[in-house]
Amino acid sequence: MTWKGTTNMSNKAYDILKYIAQIVLPAIATLYFALSQIWGLPYGEEIVGTITAIDCFLGALLGISNVQYKKSKNNGRSGV
């Protein structure tokens, strides 16, 4: 599957989205789940499930972007 005709993501945008996917979203989900259990905040499982689904989707998109970047960087060289 290739996405021809799309613009490349800048390194800065990639790094920010990667940080959000690896650090921010899991931290928010964990915090809300813990606080919902302690303080009885509403919809703990639903909110955490939603955050986790968004995080998984973002991770998949970043993985695809990373593979495409490596393919374009190698520019057809095999074994690299």
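Trainee: What share of the contacts in the chain with a separation of 6 or more comes from residues 24 or more positions apart?

Mentor: The model is predicted. Take the contacts with a separation of 6 or more. Residues 24 or more positions apart account for 59%.

Trainee: How many helices and strands does the chain have?

Mentor: Helix 1 runs over 11–39 and helix 2 over 44–74. The count of strands is zero. The secondary structure therefore comes to two helices and zero strands.

Trainee: Is Ser-36 buried or exposed?

Mentor: Ser-36 sits in helix 1. Its relative accessible area is 5%. The cut-off for burial is under 20%, so Ser-36 is buried.

Trainee: Which residues does Ser-36 touch, not counting those up to four places away in sequence?

Mentor: Ser-36 belongs to helix 1. Leave out residues up to four places away in sequence. The residues touched are then Leu-41 and Gly-44.

Trainee: Where is Leu-41 found, and what is its relative accessible area?

Mentor: Leu-41 lies in the loop between helix 1 and helix 2. Partly exposed means between 20% and 50%. Leu-41 is partly exposed because its relative accessible area is 34%.

Trainee: Which residues make the nonpolar surface patch of about 540 Å²?

Mentor: Patch residues need over 30% relative accessible area. Leu-41, at 34%, passes that cut-off. The patch is made by Leu-31, Leu-35, Ile-38, Trp-39 and Leu-41.

Trainee: What percentage of the exposed area of the chain do carbon and sulfur atoms supply?

Mentor: Of the 80 residues, 16% count as buried. The chain exposes about 6500 Å². Carbon and sulfur atoms supply 64%.

Technical notes:
Residues are numbered from 1 along each chain as its sequence is written. This is a predicted model: local features need pLDDT of at least 70, side-chain atom pairs count only at pLDDT 80 or more; totals for chains, interfaces and linings use all residues. Side-chain values use heavy atoms; hydrogens and water are left out. Helices (H or I, at least four residues) and strands (E, at least two) are DSSP runs, numbered from the N terminus. Buried means under 20% relative accessible area, exposed over 50%, partly exposed in between (1.4 Å probe, protein chains only). Contact means heavy atoms within 4.5 Å. Accessible areas come from the Shrake-Rupley method with a 1.4 Å probe; for residues, only the protein chains shown count as cover. Patches are made of residues with over 30% relative accessible area and no salt bridge: like charges are joined within 9 Å, nonpolar side chains (Val, Leu, Ile, Met, Phe, Trp, Tyr) within 5 Å. A salt bridge is a side-chain nitrogen of Lys or Arg within 4 Å of a carboxyl oxygen of Asp or Glu.
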